[in-house]
Amino acid sequence: MDFILSMFDMLNWFPENISTFGHELDNLFAIIYWVSVAIFFITFGVLGYFLVKYRYRRDARGYNYHGNNIVEITWTILPTILFAGIGLYSDDIWERTKYSSRLPKADVSILVMGKQFGWQFLYPGADGKFGRNAYTDRDNCRKLMSSTNPFGIDSTDQASMDDFTSENQFKVPVNANLVFHGSSQDVLHSFFLPHARVKQDVVPGTWMNIWCNLFKAGKYELACAELCGGGHYSMRAEYEVLSKSAYDEWVDKKVAEAIAARSPQPAAPVADTTKVASLTK
Ligand SMILES: [Cu+2]
């Protein structure tokens with residue numbers, strides 16, 4: 001029996017879990033999975049039995065059948081109990097992982113923007129505070145969004161000076177509450193971090209709240225899980241879970257780069273005309 005069940009056990013196909021709530025989601029998935037396997041065998045077992053029992057016989061005639069209340073009530077009530085039970089059982093983990101009202105306090109906030117076909121990330125920089133952009137000031141900064149400014153950053157805001165972006169890769173610290181606010185520039189995309197047990201559609205024109213807390217450092221994959229066009233297959237990114245100190249070091253470097261890029265460039269040195277003049281005398 002164990003051998004037969006092990007042939008149907010696809011749960012170990014899951015990638016390694018690195019998320020604090022991943023274990024609970026995996027348990028929920030396992031329950032639904034094994035219930036589905038059981039129903040598969042019951043349904044096809046009964047179907048096979050009837051196929052044989054009522055197979056064609058030369059001397060038997062077809063029988064016209066006009067329903068049976070007991071059978072119909074049973075097959076209505078049993079799935080109702082099953083689905084209501086799964087709904088009640090999963091409600092707690094669903095609320096904790098998906099409800100905006102249950103978002104934990106962010107240790108790191110990151111804006112995510114999907115587009116055909118790639119991902120952009122915006123970090124709040126050293127001050128931990130986003131400047132004005134299409135997330136923090138939707139009404140005024142939505143119109144600033146463009147392919148070169150996907151987050152609609154208002155560069156006149158001093159708080160934006162140290163906000164930095166990253167394309168098709170992002171880094172996060174280990175053991176921290178990571179809160180993402182995700183949107184899209186064009187069509188629906190899905191922000192899918194298989195190892196973190198996170199999957200959330202991002203929708204143009206609005207921001208979705210996403211969170212997780214990852215306990216294992218390493219390099220992992222983000223894949224778009226919404227068929228979003230011809231280049232969907234290439235819409236992936238890599239992310240790295242770093243120790244706190246390595247993460248801080250990376251942020252410092254990115255902040256310095258962002259500030260240098262936004263600061264006015266020093267004027268080119270003026271040619272020393274006095275010397276030239278003396279030579280021409
Ligand atoms: Cu996509």
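Trainee: Among contacts in the chain between residues at least 6 apart in sequence, what share joins residues at least 24 apart?

Mentor: The share is 69%. Keep in mind that this model is predicted.

Trainee: What makes the chain more spread out than a compact globule?

Mentor: Set two values side by side. The radius of gyration is 29 Å. The globule rule gives 19 Å for 281 residues. The chain is well over that value, so it counts as more spread out than a compact globule. Look at the box as well: along the principal axes, the C-alpha atoms fill roughly 125 × 35 × 35 Å.

Trainee: How many helices and strands does the chain hold?

Mentor: There are six helices and 10 strands. Buried residues make up 21% of the 281 residues.

Trainee: Into which domains is the chain divided?

Mentor: Domain 1 covers 2-55 + 66-101, and domain 2 covers 105-262. Their C-alpha centres lie 35 Å apart. The contact between them takes 10 residues from domain 1 and 11 residues from domain 2.

Trainee: What kinds of residue make up the side of domain 1 that touches domain 2?

Mentor: That side has four nonpolar, five polar and one charged.

Trainee: Why is Ile-110 called buried?

Mentor: Count the other C-beta atoms within 10 Å of its own. There are 20. The cut-off for buried is 20 or more. The count meets the cut-off, so Ile-110 is buried.

Trainee: Which residues are in contact with Ile-110, leaving aside neighbours within four places in sequence?

Mentor: The contacts are Phe-121, Leu-122, Tyr-123, Phe-170, Leu-178 and Phe-180. To count, the C-beta atoms of two residues must lie within 7 Å. Trp-94 is 16 residues from Ile-110 along the chain, and their C-alpha atoms are separated by 22 Å.

Trainee: How do you know that S1 and S5 pair?

Mentor: Pairing needs at least two bridges. Seven bridges join S1 to S5. The requirement is met, so the two strands pair. They run parallel. Ile-110 lies in S1, residues 108-115, and stands opposite Phe-180 in S5.

Trainee: What makes strand S5 largely enclosed by the rest of the structure?

Mentor: Strand S5 spans residues 177-184. Six of its eight residues are buried, so the strand is largely enclosed. Strand S8, residues 208-213, is joined to S5 by six bridges, and the two run antiparallel. Here Val-179 stands opposite Trp-211.

Trainee: What is the order of strands in the open sheet of five?

Mentor: The order is S4-S10-S9-S6-S7, with mixed pairing.

Trainee: Why are S4 and S7 called edges?

Mentor: Each has a single partner strand, so one side of each is left without a neighbour in the sheet. Strand S4 is 169-173 and strand S7 is 198-202. Neighbouring strands of this sheet are turned by 25 degrees against each other on average, direction ignored.

Trainee: How do you know that S6 and S7 pair?

Mentor: Apply the cut-off of at least two bridges again. Five bridges join S6, residues 189-193, to S7. That satisfies the cut-off, so they pair. The two strands run antiparallel. Ser-190 has Asp-201 in S7 as its bridge partner.

Trainee: Which strands does helix H5 lie across?

Mentor: Helix H5, residues 244-262, lies across S4 and S10. Strand S10 is 236-242. The helix runs at about 135 degrees to S4.

Technical notes. Residues are numbered from 1 along each chain as its sequence is written. This is a predicted model: local features need pLDDT of at least 70, side-chain atom pairs count only at pLDDT 80 or more; totals for chains, interfaces and linings use all residues. Domain bounds come from an automatic or database domain assignment. Ala, Val, Leu, Ile, Met, Phe, Trp, Tyr, Cys and Pro count as nonpolar, Asp, Glu, Lys and Arg as charged, and the others, Gly among them, as polar. Helices (H or I, at least four residues) and strands (E, at least two) are DSSP runs, numbered from the N terminus. A residue is buried if 20 or more other C-beta atoms lie within 10 Å of its own, exposed if 12 or fewer, and partly exposed in between; C-beta atoms are placed from the backbone. Axes are lines fitted to C-alpha atoms, for helices over the stretch in contact, and angles run from 0 to 180 degrees between N-to-C directions. The radius of gyration is taken over C-alpha atoms; the globule rule is 2.2 Å times the number of residues to the power 0.38.
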